[in-house]
Amino acid sequence: MDADFDPIREAHRRWVEHGWADAADGMALVTSITRVQAVFQQRIDGLLKPFDLTFARYEVLQLLSFSRTGSLPMGAIGRRLQVHPTSVTSAIDRLERQGFVVREDHPTDRRAKLATLTEEGRAVVKQATAVLNEQVFSDPGVDPAAVTELVDLLADIR
């Protein structure tokens, strides 16, 4: 394949050609983000595989490690990670089976459950973070000046 050929730019050109100019930029944006997400996901999945983690479970562990007590209510995890409660429950179920978290009763709300990081969970998230920091986060493949701008732009969509 021609190294100068950009399939998203070509799709954009074709969108305009077919009379969809008003949607062409949005299509190119969404497709670009989707492709970049796939690239990052593949890299991250490969790096987290030795830890038997997905990025979703890694995020839960990291969030718990950042909390003062290593515990958070299940609902707070979903809100902070911007994911559906079902996704949180699924992640916590798996992390609990792995021995990385335990569920505990909330001390003041009988209806709520806390997810609490175990020492094993704390150790694995520390190791996984070191790998991700070194091999992904410290150099995501974009000029450092553009990183902040991209994060700010994408915040509107999130």
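In this predicted model, Asp93 and Arg103 pair up through their side chains in a salt bridge, at 2.6 Å from N to O. Asp93 sits in helix H5 and Arg103 in strand E2 (residues 101–105), so this pair ties together parts that are 10 residues apart in sequence. As for solvent, Asp93 comes out as partly exposed, at 29% relative accessibility. Arg103 is partly exposed too, at 26%.

That bridge is one of 9 salt bridges in the structure. Another brings together the side chains of Lys113 and Asp105, with an N to O distance of 2.5 Å. Here the two partners fall into separate exposure classes: Lys113 has a relative accessible area of 37% and is partly exposed, whereas Asp105, at 58%, counts as exposed because the cut-off for that class is over 50%.

Salt bridges also turn up within a helix. Glu10 bridges to Arg13, and their closest N and O atoms are 2.6 Å apart. Both belong to helix H1 (residues 7–17), where a spacing of 3 residues puts about one helical turn between them. An α-helix has 3.6 residues a turn, so residues three or four places apart point the same way. Arg13 is partly exposed, with 40% of relative accessible area. The Glu10–Arg13 contact doesn't stand alone, either: Glu10, Arg13, Arg14 and Glu17 are linked in a network of salt bridges.

Turning to the aromatic rings, a search of the whole structure gives 2 aromatic pairs. Trp15 and Trp20 make up an edge-to-face pair, with ring centres 5.2 Å apart and 65° between the planes. The angle puts this pair in the edge-to-face class because planes over 60 degrees apart are counted that way. Both tryptophans are partly exposed, Trp15 at 29% relative accessibility and Trp20 at 42%. The other arrangement is found for Phe55 and Tyr58, which are stacked, at 5.8 Å centre to centre and with 25° between the planes. These two rings lie 3 residues apart in helix H3, so about one helical turn separates them. Their burial tells a split story: Tyr58 is buried, at 4% relative accessible area, while Phe55, at 22%, is partly exposed. With buried set at under 20%, that 22% leaves Phe55 out of the buried class.

Helix H3 deserves a further look. For its 12 residues, a rise of 1.5 Å a residue gives an expected span of 16 Å, and the end C-alpha atoms are indeed 16 Å apart, so the two values agree. The buried residues of H3 are Arg57, Tyr58, Val60, Leu61, Gln62, Leu63 and Leu64. Gln62 is a polar entry in that list, and its relative accessible area is 12%, so Gln62 counts as buried. What does its side chain do there? The side chain of Gln62 makes a polar contact with the side chain of Thr129, at 2.5 Å. Beyond neighbours within four places in sequence, Gln62 is in contact with Val125 and Thr129.

Leu61, next in the helix, belongs with the nonpolar core. The largest such core has 27 residues, and those touching the most other members are Leu53, Leu61, Ile77 and Ile92. Two or more residues come from each of helix H2 (21–48), helix H3 (55–66), helix H4 (74–81), helix H5 (85–98), strand E3 (113–117) and helix H6 (119–137). Setting aside residues up to four places away in sequence, Leu61 touches Leu53, Leu95, Phe100, Val101, Leu117, Gly121, Val124 and Val125. Val125 thus shows up in the contacts of both Leu61 and Gln62.

Helix H6 also holds Val131, which is partly exposed at 22% relative accessible area. Val131 and Ile44 are 87 residues apart in sequence, yet their C-alpha atoms lie 9.6 Å apart in space. Apart from neighbours within four places in sequence, Val131 is in contact with Leu47, Phe51 and Val136.

Technical notes: Residues numbered from 1 in each chain as written. Predicted model: local features only at pLDDT ≥ 70, side-chain atom pairs only at ≥ 80, totals over all residues. Heavy atoms only, no water. Core = buried A, V, L, I, M, F, W, Y, C linked by side-chain atoms within 4.5 Å. Buried < 20%, exposed > 50% of the residue type's maximum accessible area, 1.4 Å probe, protein only. Helix = DSSP H or I, 4+ residues; strand = E, 2+ residues; numbered from the N terminus. Contact = heavy atoms within 4.5 Å. Phe/Tyr/Trp six-rings, centres within 6.5 Å; stacked < 30°, edge-to-face > 60°. Polar contact = N/O pair within 3.5 Å; in protein donor to acceptor, adjacent residues only side chain to side chain. Expected span 1.5 Å × (residues − 1). Salt bridge = Lys/Arg side-chain N within 4 Å of Asp/Glu carboxyl O.
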